[in-house]
Amino acid sequence: MKIVYWSGTGNTEKMANLIGEGITEKGKSVDIINVSDANSDIFNEEEIIILGCPAMGDEVLEEGEFEPFIEEISSKVSGKKVALFGSYGWGDGTWLRNFEERMISYGCQSTLDLLMVENEPESSDEEKCREFGRQIASL
Ligand SMILES: Cc1cc2nc3c(=O)[nH]c(=O)nc-3n(C[C@H](O)[C@H](O)[C@H](O)COP(=O)(O)O)c2cc1C
């Protein structure tokens, strides 16, 4: 499995690592990839697309790297399942719900609840991230 993420201050990266722990607990292997190291074919062989990006701008995805990456994969993801996560600071989760709608508009199936964590994942949020990983591994 492959997780592609963007993270400015490390919170979404920490989520990605915890989700990865949950996936490996279930006996599946996972690559955790910074979007700057990803190309648009990265999910070609995957049934599930796992993407993480914090709320940026005004409830949007990060615009320098992550947003262009999503645009690049948009024509290649139809029929795949998608699992979306990210950290936020003060909003109500609009950025992630809009992201989900967008992936659905590209033909993805969103079967898991979105995973959002306020700032850095700590204590119970860490377990939520691992559980999200276990659920992904069982899709
Ligand atoms: C430029 C910028 C814009 C942001 N915009 C939002 C926002 O619209 N809504 C929100 O809830 N948080 C917003 N935040 C807060 C971040 O989502 C939050 O700090 C998050 O934990 C960052 O995750 P990261 O450590 O993975 O970069 C913003 C932060 C920055 C630096």
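**Ligand pocket and loop residues**

User: Where does the ligand sit?

Analyst: The model is a predicted one. A molecule is assigned to a pocket if more than half of its atoms lie within 2 Å of the grid points of that pocket. On that criterion, the ligand sits in the largest pocket.

User: Which elements give two or more residues to the shell around the ligand?

Analyst: The residues of this shell divide into five nonpolar, eleven polar and two charged. Two elements supply two or more residues to the shell, namely helix H1 (11-25) and strand S4 (81-88).

User: Which of the 18 residues around the ligand come nearest?

Analyst: A residue belongs to these surroundings if one of its heavy atoms lies within 4 Å of the ligand. One of the nearest residues is Gly91, which is placed in the loop between S4 and helix H3 (94-105). The full set that comes nearest is Ser7, Thr9, Ala55, Ser87 and Gly91.

User: How far does an N or O atom in the side chain of Glu59 lie from a nitrogen atom of the ligand?

Analyst: Backbone atoms also approach the ligand: an N or O atom of the Asn11 backbone is 2.8 Å from a ligand oxygen atom, and a polar backbone atom of Gly57 is 3.0 Å from a ligand nitrogen atom. For Glu59, the atom concerned belongs to the side chain, and its distance to a nitrogen atom of the ligand is 2.7 Å.

User: What percentage of the accessible area of the ligand does the protein cover?

Analyst: Taken on its own, the ligand has 650 Å² of accessible area. The share of this area that the protein covers is 79%.

User: Why does Glu59 count as buried or exposed?

Analyst: Glu59 belongs to the loop between strand S3 (48-52) and helix H2 (66-73). The limit for a buried residue is under 20% relative accessible area. Glu59 is therefore classed as buried, because its relative accessible area is 18%.

User: What is the phi of Asn119?

Analyst: Most residues other than glycine have a negative phi. Glu59 is not a glycine, yet its phi is positive, at about 60°. Asn119, in the loop between strand S5 (115-118) and helix H4 (124-137), is likewise not a glycine and has a positive phi of about 55°.

User: Is Ser123 buried or exposed?

Analyst: Ser123 is found in the loop between S5 and H4. A residue counts as exposed over 50% relative accessible area. Because the relative accessible area of Ser123 is 61%, this residue is exposed.

User: Which side chain makes a polar contact with the side chain of Ser40?

Analyst: Ser40 lies in the loop between strand S2 (31-34) and S3 and counts as buried, at 16% relative accessibility. Its side chain has a polar contact of 2.9 Å, and the partner is the side chain of Lys76.

User: How far apart in space are Phe43 and Ile73, C-alpha to C-alpha?

Analyst: Phe43 is in the loop between S2 and S3 and, at 2% relative accessibility, counts as buried. Along the sequence, Phe43 and Ile73 are 30 residues apart. In space, their C-alpha atoms are separated by 8.3 Å.

User: How far apart in space are Gly91 and Met56, C-alpha to C-alpha?

Analyst: Gly91 counts as partly exposed, at 26% relative accessibility. In sequence, Gly91 and Met56 are 35 residues apart. The C-alpha to C-alpha distance between Gly91 and Met56 is 10.0 Å.

Note on methods
Residues numbered from 1 in each chain as written. Predicted model: local features only at pLDDT ≥ 70, side-chain atom pairs only at ≥ 80, totals over all residues. Heavy atoms only, no water. Polar contact = N/O pair within 3.5 Å; in protein donor to acceptor, adjacent residues only side chain to side chain. Areas by Shrake-Rupley, 256 points an atom, 1.4 Å probe, with all protein chains shown as cover. 1 Å grid on protein atoms, 1.4 Å probe; cavity = no way out; pocket = protein on both sides within 12 Å on 5 of 7 lines; lining within 4 Å. Helix = DSSP H or I, 4+ residues; strand = E, 2+ residues; numbered from the N terminus. Nonpolar A, V, L, I, M, F, W, Y, C, P; charged D, E, K, R; others polar. Buried < 20%, exposed > 50% of the residue type's maximum accessible area, 1.4 Å probe, protein only.
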